[in-house]
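Reader: Before we turn to the interior, could you take me through this model step by step, beginning with its surface?

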Amino acid sequence: MVALIAHIKLGCGDDNWEHHVLDEHLREVATLAAHFSTPFAPPAWAFRTGLWHDLGKYQPEFQQYIRSTSGFDAHIETAPGKVKHAIAGAIHGVDSCGPYGRLLAYLIAGHHAGLPDWHPDDAPGSALSQELRDETATLAKAKCALELARNV
């Protein structure tokens, strides 16, 4: 089975791909987040945030995207467009932690684009409340792919 990838780049030389396996990436970020949060926040919350921040990268669409756009998997002829991944972990945070999960959702959803507004009238762009409501399929696809990967 091909490892699920979080990040990939071409190293020195042809066909020398350096990739960060998704499971390792999530655990490493979670550990670092817990470590750096100890002066101001409970490490367990930071650990969860780090662990869930890239759950959407389990989606088959994201795996196809990262392989094709990096050039790692050159036989993929039609590269998909940009694939949302941060919202999956944000939804999981709300589903798993209730009202406190909203705090995690802000951190997770904003880890690339910055902190979103909650209400759509507060600023242009997508509000977090809308994304959490509209993107549930993203989390479902990620969970399904994660289950398949664990059972292989």
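Reader: What share of the accessible surface of the protein belongs to carbon and sulfur atoms?
Author: This is a predicted model, and the value is computed from its atoms. The accessible surface of the protein comes to about 9,000 Å², and the part of this area that belongs to carbon and sulfur atoms is 58%.

Reader: In what order do the elements of the protein run from the N terminus on?
Author: The protein has six helices and two strands. Read from the N terminus on, these elements follow the order β-β-α-α-α-α-α-α.

Reader: What percentage of the residues in the protein is buried?
Author: Buried is taken here as under 20% relative accessible area. With that cut-off applied to the 152 residues in the protein, the buried part is 38%.

Reader: Which helix supplies the largest share of the largest nonpolar core?
Author: The largest nonpolar core has 22 residues, and those with the most contacts inside it are Tyr 58, Ala 90, Leu 128 and Leu 132. Helix H1 (22–37), helix H4 (86–113), helix H5 (128–134) and helix H6 (136–150) each supply at least two residues of this core. The largest share, nine residues, comes from H4.

Reader: Which residues does Ala 90 touch, not counting those up to four places away in sequence?
Author: Ala 90 is one of the residues with the most contacts inside the largest nonpolar core. Once residues up to four places away in sequence are left out, Ala 90 touches Ala 105, Ile 108, Ala 109 and Leu 132.

Reader: How many residues does the second, separate core have?
Author: This core includes Ile 5, Phe 62, Ile 66 and Val 83. Its full number of residues is six.

Methods. Residues numbered from 1 in each chain as written. Predicted model: local features only at pLDDT ≥ 70, side-chain atom pairs only at ≥ 80, totals over all residues. Heavy atoms only, no water. Core = buried A, V, L, I, M, F, W, Y, C linked by side-chain atoms within 4.5 Å. Buried < 20%, exposed > 50% of the residue type's maximum accessible area, 1.4 Å probe, protein only. Helix = DSSP H or I, 4+ residues; strand = E, 2+ residues; numbered from the N terminus. Contact = heavy atoms within 4.5 Å. Areas by Shrake-Rupley, 256 points an atom, 1.4 Å probe, with all protein chains shown as cover.
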